[in-house]
Amino acid sequence: MPPSPTRARPPIGIEKISAYPCTLSLDLEELARHRGHDPLDLRQNLLVCRRGLNPLWEDPVTMTVNAAAPMLTDEDRERIELLIVATESSVDQGKPISTWAQRHLGIQPHCLNYESKHACFGGTAALMMAASWVASGLRPQGKALVICTDQSRMHLHKPYEYVMGAGAVAMLVSTEPRVLELELEKNGVFTQEVSDTFRPTSRVETGNGEASLYCYLDALEGALGQYLRQAGPVDLDSYFQKHLYHVPFGGLTFQAHRTLVRQFRRMKKSEALEHFRRRSEPALRYNQEMGGTYSGSTFIALMGLIEACDDLHPGDRLGIFSYGSGSCGAFYSGILGPDARAIVGAARLGELCASRQPLSVEEYEALEGERFRVIDGGDFVPPTNGFHDLYARRYAGQGLLTFKGIHDHYREYGPA
């Protein structure tokens with residue numbers, strides 16, 4: 001019997017994307033001045049400006065819903081049959097955030113949902129799983145929803161305090177990749193067991209930042225090597241139009257870019273910096289505003305790159321690197337979709353960042369202290385006053401999900 005003909009699969013990738021940058025922000029240069037740190041170091045080396053923060057009536061669950069809700073139509077909600085929430089900031093050790101997301105997003109009940117955890121790599125792991133599920137063709141009309149949601153723990157007066165943050169990003173994955181088509185056959189992965197950064201308890205986020213930097217760069221070299229064995233010999237400048245990296249902070253992405261270009265040709269530092277500024281730095285537009293967003297940082301960078309680069313056009317190829325401590329790295333590529341700029345523009349991420357309520361350093365420290373105090377508490381009702389009437393101005397009647405409180409460890413959520 002002759003073999004069955006191979007059926008060409010349809011294109012797979014990101015159909016829609018949107019993000020939620022929180023409603024509070026902290027000016028990191030102001031924080032640096034309070035800490036006796038040179039603000040110039042933040043601008044020139046760390047490449048950070050501000051960070052996002054949640055009021056006590058928001059958490060990773062509310063960010064999940066508030067990121068995804070604006071982009072979903074009723075048809076999407078009926079066709080979503082897989083929902084994955086990527087996070088290293090879960091509010092419960094057993095119950096996944098995806099269950100609250102399925103309910104409060106109004107997604108039909110015949111939907112497999114779960115959490116993905118692999119430090120900052122969890123978002124990419126979820127995206128690849130979702131894309132593979134769509135590519136399987138088992139549910140021809142089905143779509144997958146991937147949401148990355150994370151927030152930092154308290155790190156007052158620590159040297160890495162400036163690279164903390166919060167935020168969420170949502171991606172609808174389907175056979176209509178209007179934002180980014182994934183080249184699934186080209187995907188290099190590199191893994192090794194290390195303890196670079198980790199969260200051993202619900203209150204502690206710790207590790208060795210220097211070790212994590214070297215593990216990140218090792219993973220990039222290893223994953224890129226496997227990608228190139230799959231893609232064949234390529235020329236850096238003609239094959240990739242732009243480059244994206246996981247963004248713990250912007251300065252690390254320059255180190256990543258130098259590591260990448262060395263695989264293709266030798267460059268002086270000044271040449272590598274100029275190449276980085278053309279090919280990758282524009283992606284930091286929103287990462288610089290939101291701070292560390294962990295599992296979602298690569299996709300926040302994707303949105304920033306699409307909005308910032310007039311020389312990026314449908315059909316252009318992006319090289320993408322994702323990393324998560326512990327550790328796992330992946331280098332993959334995607335082709336820019338026909339409606340990417342319009343879809344990212346409709347998400348209004350720049351407008352949302354600009355409309356956040358600024359915090360003083362004193363307000364920031366008090367907020368983080370109170371959040372730390374109530375973690376793992378079984379009974380708590382968040383106050384909705386303060387921050388210049390933020391709740392009344394930005395939440396009441398706006399359809400945003402809020403955390404109503406916890407009673408005997410049962411969490412309650414609802415619209416403001």
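Helices (DSSP runs of H or I, at least four residues) and strands (runs of E, at least two) are numbered from the N terminus. The model shown is predicted, so local features need pLDDT of at least 70 and side-chain atom pairs pLDDT 80 or more, whereas totals for chains, interfaces and linings use all residues. Residues are numbered from 1 along each chain as its sequence is written, and side-chain values use heavy atoms, without hydrogens and water.

**View 1. The end of helix 5 and its surroundings.** Helix 5 spans residues 97–104. Its buried residues (under 20% relative accessible area with a 1.4 Å probe, protein chains only; exposed means over 50%, partly exposed in between) are Ile 97, Ser 98, Trp 100, Ala 101 and Gln 102. These residues pack (heavy atoms within 4.5 Å) against one helix, helix 3 (60–68), and against strand 4 (80–86), strand 5 (112–116), strand 6 (143–151) and strand 16 (410–415). Just after helix 5, the backbone of Gly 106 takes a positive phi of about 70°.

**View 2. The buried face of helix 1.** Helix 1 is formed by residues 28–35, and Leu 28, Glu 29, Leu 31 and Ala 32 are its buried members. Viewed along the helix axis, the buried residues fall within an arc of 155°, so they line one face of helix 1; the arc is that of the directions from the axis to the C-beta atoms. The partners against which these buried residues pack are strand 2 (24–27), helix 2 (39–46), strand 3 and helix 15. Gly 36, just after helix 1, has a positive phi of about 75°.

**View 3. The largest cavity.** On a 1 Å grid over the protein atoms alone, a cavity is a set of points where a 1.4 Å probe fits but cannot get out, a pocket is an open set with protein on both sides within 12 Å along at least five of seven lines, and lining residues have an atom within 4 Å of a point. The whole structure contains 4 cavities of 30 Å³ or more. The largest of them holds about 50 Å³ of space (the space filled by probe spheres set on grid points, joined across faces, edges and corners). Its lining includes Leu 47, Val 48, Tyr 162, Val 163 and Met 164, together with Val 247, Pro 248, Phe 249 and Gly 250. Asn 287, Gly 291 and Gly 292 also belong to this lining. By residue class, the lining has 8 nonpolar, 4 polar and no charged residues (Ala, Val, Leu, Ile, Met, Phe, Trp, Tyr, Cys and Pro count as nonpolar, Asp, Glu, Lys and Arg as charged, and the others, Gly among them, as polar).

**View 4. The second largest cavity.** This cavity contains about 40 Å³ of space. Around it stand Arg 51, Leu 53, Asn 54, Gln 151, Ser 152, Ala 166, Glu 368 and Arg 371. At least two lining residues come from each of strand 3 (50–53) and helix 15 (361–374). The lining is made up of 2 nonpolar, 3 polar and 3 charged residues.

**View 5. The largest pocket.** The largest pocket encloses about 1200 Å³ of space. Its lining numbers 48 residues, and those nearest the centre are Glu 88, Thr 197, Phe 198, Glu 205 and Tyr 294. Strand 9 (197–198), strand 10 (206–207), helix 7 (209–231) and strand 12 (317–324) each contribute at least two residues. Helix 7 gives the largest share, 5 residues. In the lining, 18 residues are nonpolar, 22 polar and 8 charged.

**View 6. The second largest pocket.** About 480 Å³ of space lies in the second largest pocket. Among its 22 lining residues, Val 91, Val 374, Ile 375, Asp 376 and Arg 411 are closest to the centre. Helix 15 and strand 15 (401–407) each provide at least two residues of the lining, which divides into 8 nonpolar, 7 polar and 7 charged residues.

**View 7. Backbone features in the loops.** Asp 376 sits in the loop between helix 15 and helix 16 (390–395). Although not a glycine, Asp 376 has a positive phi near 75°, and this residue is exposed, with a relative accessible area of 55%. Phe 387 also lies in the loop between helix 15 and helix 16. Phe 387, likewise not a glycine, has a positive phi of about 55°; this residue is buried, at a relative accessible area of 17%. In the loop between strand 12 and strand 13 (328–336) lies Ser 327, and the peptide bond from Gly 326 to Ser 327 is cis, with omega near 5°.
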